[in-house]
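Let's take a walk through this model, starting with the empty space inside and ending with a pair of helices.

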Amino acid sequence: MSDWFKQAVVYQVYPKSFMDTNGDGIGDLRGVTQKLDYIKLLGADVIWLNPVYQNSGVDGGYDISDYRAIAPEFGTMEDFDELLAQAHARGIRIVMDLVVNHTSTAHAWFRESRSSLHNEKRDFYIWRPPFKGGVPNGMRSCFSGSAWEKDEVTGEYYLHMFAREQADLNWHNPQVRQAVYDMMRWWLDKGIDGFRMDVIDQIAKPPEILESDGGPGGDGASGPRIHEYLREMNREVLSHYDVMTVGEMGSAKVESALRYASLDGSELSMVFQFEHMDADAGPHHKWTTEPLYLPRLKRVFEKWQVGLHGRAWNSLYWCNHDQPRIVSRFGSDADERSRVLSAKMLGACLHMMQGTPYIYQGEELGMTNYPFRDISESQDVEAIGAYRELVEEKHEMTGEQMMACIRRKGRDNARTPMQWTAGKNAGFTTGTPWMNVNPNHETLHAQAQVSEPDSVFAFYQALIALRKSLSVVIEGDFTLLMPEDEQVFAYTRCDGHDTLLVQCNFSGKEARLDESARMGGRILLGNYDCEGPADRLRPWEARIWIR
């Protein structure tokens with residue numbers, strides 16, 4: 001298996017919000033095909049496609065009811081085949097979302113499993129008897145509440161680490177694993193180029209989760225057999241195709257990622273870790289409005305960049321369908337100038353590190369969070385569950401406090417429709433969009449940026465071109481500079497031939513540079529139109545030097 005993924009730049013498409021071609025208000029596969037030239041123009045060469053499989057409509061496509069069928073709202077299998085062919089014709093690879101920790105309760109496997117205690121697929125899922133008339137143990141769902149749901153047909157409980165309509169598969173059953181591998185081969189034989197694996201660290205459930213003993217239940221991730229199962233998957237399926245794989249692993253640490261993403265290719269190409277996304281967490285974890293403390297974020301990146309160098313491979317991301325817009329989170333959307341400068345700065349900071357970068361649709365435009373006013377505007381099962389628990393049940397927050405958190409951190413911020421034009425519904429649909437369009441689309445949209453040399457889009461084009469032209473970006477080591485500074489994120493990359501210096505100001509105020517963070521040479525890219533003083537960075541400034 002080759003390592004083409006090291007040079008790749010991935011563009012993530014959330015199809016429901018990308019482009020609607022039939023006026024039903026929901027993005028579709030034909031819409032993705034229609035915009036392939038836009039993605040090609042940007043310079044990305046891989047598309048990660050969020051789930052387009054048949055689903056039950058509960059959690060944004062992550063509740064799959066048929067792995068080998070396309071959801072009608074996205075089109076047909078013929079539409080998918082056309083997208084794949086058109087993408088490949090442009091040199092763009094397609095990576096599918098693999099959601100195999102759980103299925104929808106509407107899946108045929110689960111319908112059989114729940115039908116009786118003795119059905120041949122009973123053990124496809126995790127069933128347990130009541131404990132003293134109640135839930136088997138205290139395991140909590142990631143979406144609030146108990147992770148156990150009683151099924152009246154047999155009187156037993158099934159495990160759901162997410163919504164109650166998302167029943168967890170029993171990966172300890174070899175029949176389950178083989179059924180999953182058959183499905184993976186089916187898609188790979190179609191010609192897709194890899195998988196992004198949803199919550200893959202949760203497939204090997206630790207023993208304490210599975211006990212019906214009234215205990216706490218544990219944390220749900222990375223049981224002792226996880227590496228065994230991933231190596232089996234690699235041996236039986238992945239190693240037979242030239243693919244890229246990335247595993248979403250909320251529990252991953254550097255030590256475990258050295259095995260998950262080892263350069264020996266025995267498990268996965270890379271992982272999505274969450275540590276940098278927790279850098280601004282608070283007492284209720286993500287539900288906070290606390291500002292970023294930059295030294296904390298820098299320590300996380302340093303740990304992963306240094307820890308994996310030469311032994312495993314990093315993924316690089318700020319945004320995805322589960323995260324808010326990074327400009328509104330770590331940059332500034334207070335005014336147009338700050339938005340543009342901070343969007344470019346954040347791109348420069350991330351894309352010059354070692355790893356495969358992921359651009360979430362609209363990130364290349366500097367799209368911002370949505371001004372949610374009330375929980376009734378949210379469609380995110382996670383946010384709705386957290387509001388119910390923290391506001392209505394536990395009274396730990398007021399409604400407005402929680403809405404401030406949702407405006408800052410909620411997943412719906414990423415799911416508002418893509419902003420293509422200044423026209424009606426941002427050019428996303430001729431119908432009524434499934435989710436409100438951000439009102440700032442009249443000034444913030446792709447049409448205005450693709451031909452504007454000073455746009456965020458143009459800056460991302462330049463970043464991608466730099467990655468593809470400089471081997472030091474792919475292979476160089478990483479040295480963090482000014483680690484305790486609360487404004488400046490600066491680092492060097494060196495491969496023995498070239499040295500890059502990246503200077504980023506994460507604030508709206510001027511920042512001073514230590515002598516360690518200055519370097520002679522020439523500026524390859526910056527987000528101001530003229531060179532500034534050598535010992536200072538202007539608000540939200542980014543410079544990339546080479547020597």
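In this predicted model, the largest cavity holds about 60 Å³ of space. Its lining draws on Gln-273, His-276, Phe-301, Trp-304, Gln-305, Asn-314, Ser-315, Leu-316, Tyr-317 and Leu-350. If you want a landmark, go to α8 (294-308), which gives the largest share of that lining with three residues. Strand β14 (315-316) is there too: α8 and β14 each supply at least two lining residues. Sort the lining of the largest cavity by class and you get five nonpolar, five polar and no charged residues.

Now for the other one, since the structure holds two cavities of 30 Å³ or more. The second largest cavity has about 40 Å³ of space, and around it sit Trp-48, Arg-196, Glu-248, Phe-272, Phe-274, Tyr-317, Asn-320, Asp-322 and Gln-323. Tyr-317 is worth a second look, as it appears in the lining of the largest cavity and in that of the second largest. Here charge does come in: the lining of the second largest cavity counts three charged residues, next to four nonpolar and two polar.

On to the helices. How do α3 and α5 pack? Helix α3 (residues 77-89) meets helix α5 (residues 174-190) at an angle of about 55°, and their axes are 11 Å apart. An angle between 35 and 65 degrees is neither roughly parallel nor roughly perpendicular, so α3 and α5 are oblique to each other. On the α3 side, the contact involves Met-77, Phe-80, Asp-81 and Leu-84, while α5 brings Trp-186, Trp-187 and Lys-190. That makes five nonpolar and two charged residues, with no polar ones.

Terms used. Residues numbered from 1 in each chain as written. Predicted model: local features only at pLDDT ≥ 70, side-chain atom pairs only at ≥ 80, totals over all residues. Heavy atoms only, no water. Axes fitted to C-alpha atoms, helices over the stretch in contact; angles between N-to-C directions. Helix = DSSP H or I, 4+ residues; strand = E, 2+ residues; numbered from the N terminus. Parallel < 35°, antiparallel > 145°, perpendicular 65-115°, else oblique. Contact = heavy atoms within 4.5 Å. Nonpolar A, V, L, I, M, F, W, Y, C, P; charged D, E, K, R; others polar. 1 Å grid on protein atoms, 1.4 Å probe; cavity = no way out; pocket = protein on both sides within 12 Å on 5 of 7 lines; lining within 4 Å. Points joined across faces, edges and corners; volume = space filled by probe spheres on them.
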